[in-house]
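Please walk through this protein with its sequence and its three-dimensional model side by side. The account begins with a strand and moves outward from there.

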Amino acid sequence: MKHQLVLQTPLHNSLFRAVNLVKGAKASKAAIQELNPNVHIEIDSEHISSKPASFFSQFTAVFATDCPLSVLIRINKMCHENKVHFYCGDTWGFYGYSFLDLLKHTYAKIVPKGSKTETEEAVLDVLDYCPLGPALGVKVGAGLNRKINKVYILLNIMNNFREMHNHLPSPENRESELQLLKSVRSFTLQNLCCEDNKVGDEMLRCSCIWLCLW
């Protein structure tokens with residue numbers, strides 16, 4: 001589902017949208033349907049933030065992208081409470097992320113059997129997943145500065161940028177957007193109790209490069 005109009009800038013990085021001002025999901029439907037004709041696709045143009053928990057509870061899994069962080073956290077919370085698997089992700093230039101909340105996930109791992117290391121057996125284990133909100137609420141702190149991935153910090157910076165300015169950095173106004181990004185970076189690093197040099201200017205610059213596909 002998607003409620004926004006397709007404008008010229010988002011078309012730069014889309015494989016599915018026709019070059020005209022139509023609803024994004026409707027513009028993509030025919031091309032996506034060709035990928036798997038056996039899957040039935042329904043288009044819902046209502047704003048995602050208006051959907052109640054009952055809407056998400058009807059699914060086995062929910063995939064969300066191109067949404068503000070506050071919306072992702074809200075959707076994930078409703079999915080988690082209704083035992084619905086949740087996936088989200090996004091890309092910015094050379095960087096991107098994916099997040100999944102599979103609730104309680106049972107998997108098999110191979111371990112040595114008894115005292116004989118030459119024999120192995122499969123043992124079931126359970127992994128409890130954390131929702132997006134609590135996961136992003138963790139302070140990095142001085143003790144984790146060296147271990148934390150820079151993309152995690154960038155994820156927070158880009159999501160904060162979107163929440164503050166109601167859009168992602170635009171390639172058409174790259175230099176001015178970079179200045180705004182630097183300001184958001186300072187706010188984010190301070191909020192995460194993170195080192196000032198964790199995300200450099202070049203990383204921010206690369207996050208503003210959009211791949212053009214025509």
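**From a strand to the core**

In strand β1 (residues 61-65) the side chains alternate: Val62 and Ala64 point to one face and are buried, whereas Ala61, Phe63 and Thr65 point to the other and are not. Buried means under 20% relative accessible area, exposed over 50%, and partly exposed in between, with a 1.4 Å probe and protein chains only. Helices (H or I, at least four residues) and strands (E, at least two) are DSSP runs, numbered from the N terminus. In a regular strand the side chains alternate between the two faces of the sheet.

The model is predicted: local features need pLDDT of at least 70, side-chain atom pairs count only at pLDDT 80 or more, and totals for chains, interfaces and linings use all residues. Residues are numbered from 1 along each chain as its sequence is written, and side-chain values use heavy atoms, with hydrogens and water left out. Here pLDDT is the predictor's confidence in each residue, from 0 to 100. The mean pLDDT of the protein is 81, and 80% of its residues reach 70 or more. Over residues 10-22 the pLDDT is below 50, and this stretch has 34 contacts in the model beyond near neighbours in sequence. Contact means heavy atoms within 4.5 Å.

The protein has 9 helices and 5 strands. Of its 214 residues, 34% count as buried.

Strand β1 pairs with strand β2 (residues 85-92) in the parallel sense over 5 bridges; two strands pair if DSSP finds at least two bridges between them. Thr65 of the β1 strand stands opposite Gly89 in β2. What does Phe86 contact, leaving aside its neighbours within four places in sequence? Its partners are Val62, Ala64, Leu72, Ile75, Asn76, Cys79, Phe99, Leu100 and Asp101.

Phe86 also belongs to the largest nonpolar core, which has 39 residues; Phe56, Leu72, Ile75, Phe86, Cys88, Ile153 and Leu181 touch the most other members. Helix α7 (residues 150-165) gives the most to this core, with 7 residues. A nonpolar core is a set of buried Ala, Val, Leu, Ile, Met, Phe, Trp, Tyr and Cys residues joined through side-chain atoms within 4.5 Å. In soluble globular proteins, nonpolar side chains tend to be buried together.

Two residues of α7 can be taken in turn. Phe161 lies in this helix and counts as buried because its relative accessibility is 0%. Leaving aside neighbours within four places in sequence, Phe161 is in contact with Asn166, His167, Leu168, Pro169, Glu177, Leu180, Leu181 and Val184. The C-alpha atoms of Phe161 and Leu181 are separated by 6.8 Å, the two residues being 20 apart along the chain. Asn160 also lies in α7 and is buried, with a relative accessible area of 16%. With the same sequence neighbours left aside, Asn160 is in contact with Val184, Phe187 and Thr188.

Helix α8 (residues 174-191) has 18 residues and reaches 25 Å from its first C-alpha to its last, close to the 26 Å expected at 1.5 Å a residue; the expected span is 1.5 Å times one less than the number of residues. Its buried residues are Glu177, Leu178, Leu181, Val184, Arg185, Thr188 and Leu189. Seen down the axis of α8, these fall within an arc of 135°, so they line one face of the helix; the arc is that of the directions from the helix axis to the C-beta atoms. What covers them includes α7 and α9 (201-206). After α8 comes Cys193, whose phi is positive, near 55°.
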